[in-house]
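Student: I am new to this structure and would like a close look at a single part of it. Could you take me through the aromatic rings and what surrounds them?

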Amino acid sequence: MHILLCQKPKKAEKKYLCIVKAFYFNYSHDVQMSSGSILRNLSQNVSSLEYALQPLAVYAASPDDVVVVHPNMIDTCREFYQDDCFDGIRFASLSSSLEMPVEPWGWDVAVIRQLENSGIPGRFMCSKGQADVIRALSSRESACVCLREVRNRLPGLPLCGTSEFCNTREELYDKLFFPVVLKSPWSSSGRGVRVALEQLDDRLATWIDRVFQTQGALEIEPYYKRIADWAMEFYADEKGEVTYTGLSRFYTMPTFGYMGNIVALEDHLLREWCRYMPSAVFYEVRDCLTEVLPAMMKGKYTGPLGVDMMFCEGDEGQVLLHPCVEINLRRTMGQIAQCIAVKMPWACPSKFEINYISTPEKARQLLAERDNGDCRLLTPLTEKTRFAACLRNACK
């Protein structure tokens, strides 16, 4: 581990030990995990997303850390991130002979190959064998196991959620019911999720066959009337302990794709939680997950992770909590929202969004909103970027 003795900038005289990191946000991670191998030809949307949003790592970085961006974005980022909260953070390309631990968005065999080809020493990254273990653990089968364990440990709480992991078509069709949600073991932003309310049509049956051919299994669970999306964020350390790091309130499309996050400090988010359910439920579920997750993660994964959950409407109109919809063994947008709240507390509460810039007119509209004080850009918007992160109702 590369450890440097460095000065805390201006605010304190004492010295402290800090681990200097290079943050490399490979937003193609979920796509690569779904493939099970190295995809060399990413879709234009995924490539454009990585190009435009890699600078978001600046919100997770500390002084002397490096944020890895495309070579064409280095000067743009240096100019864009000039606020005091970004002091000491450096920008570099992947080919800059980085001699420090690398922290990607998520570990997979594709990002390891990229780092190796860039000359980064193996001691600063995950091994291919470890990446294979992480992929296996990232399967939705882990969420099935975690959900079952939490439900068993907390029988008295207003919880919902059951799921089955089917390894053959015969098993799936034997257990099938309606309405049902079908999920591939690995997917990206809702792309591997399908809903069947009353029956399977030919198109969905074809999709099921394809998932079994490519990924070998499917998860099935009841269809719930979703009220609100939440997540609890954690960090798994080298000792096998899992520490809670914060609450996340996010939004999804009807097709389950990610839309955005609330950027707020923990006390505000907990008050929002209590609009749906007592805080006692939050504390019991949080503490239960810090006991359940270590048994799954120890010796297999070190790093940030998030457990997605949702409030649902029960059969009698009551609010129920589904405590483990999905486990993300990577950094999450919810954690980025937490980092933004810490770096820019004056902007809380606000809404974090990813905007797709499909045309020059869309870019001009977003810049006009920025100039009018209706949003604050979190990433540079250039002629080449097709995505931009922003905060709504945050400018003062």
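Tutor: What follows is a walk through the aromatic ring pairs, beginning with the sheet that carries some of their residues.

The model is a predicted one, and its protein chain averages a pLDDT of 93, with 95% of the residues scoring at least 70. An open sheet of eight strands, paired antiparallel, runs in the order β15-β14-β11-β12-β13-β16-β18-β17. Strands β15 (319-328) and β17 (375-377) each have a single partner and stand at the edges, so one side of each is left without a neighbour in the sheet. From one strand to the next, the twist averages 35°. Helix α9 (residues 266-273) packs on this sheet, where it touches β11, β12, β13, β14 and β15, and its direction makes about 60° with that of β12.

Across the whole structure there are 19 aromatic pairs. In one of them, the ring centres of W230 and Y276 are 6.5 Å apart and the planes stand at 80°, so the pair is edge-to-face. Because W230 lies in strand β11 while Y276 belongs to the loop between α9 and α10, the pair ties together parts that are 46 residues apart in sequence. Both W230 and Y276 are buried.

A further pair is formed by Y244 and F282, whose centres are 5.9 Å apart with planes at 70°, so this pair is edge-to-face. It links distant parts of the chain, with Y244 in strand β12 and F282 in helix α10, 38 residues apart. Y244 is buried at a relative accessible area of 18%, and F282 is buried at 1%. The charged end of R286 sits over the ring of Y244, 5.6 Å from its centre.

Finally, ring pairs join W230, F234, Y244, W273, Y276, F282, Y283 and F311 into a cluster.

Methods. Residues are numbered from 1 along each chain as its sequence is written. This is a predicted model: local features need pLDDT of at least 70, side-chain atom pairs count only at pLDDT 80 or more; totals for chains, interfaces and linings use all residues. Side-chain values use heavy atoms; hydrogens and water are left out. Two strands pair if DSSP finds at least two bridges between them. Helices (H or I, at least four residues) and strands (E, at least two) are DSSP runs, numbered from the N terminus. Axes are lines fitted to C-alpha atoms, for helices over the stretch in contact, and angles run from 0 to 180 degrees between N-to-C directions. Contact means heavy atoms within 4.5 Å. pLDDT is the predictor's confidence in each residue, from 0 to 100. Rings of Phe, Tyr and Trp (its six-membered ring) pair if their centres lie within 6.5 Å; planes under 30 degrees apart count as stacked, over 60 as edge-to-face and the rest as tilted. Buried means under 20% relative accessible area, exposed over 50%, partly exposed in between (1.4 Å probe, protein chains only). A charge sits over a ring if NZ of Lys or CZ of Arg is within 6 Å of the ring centre and within 35 degrees of the ring normal.
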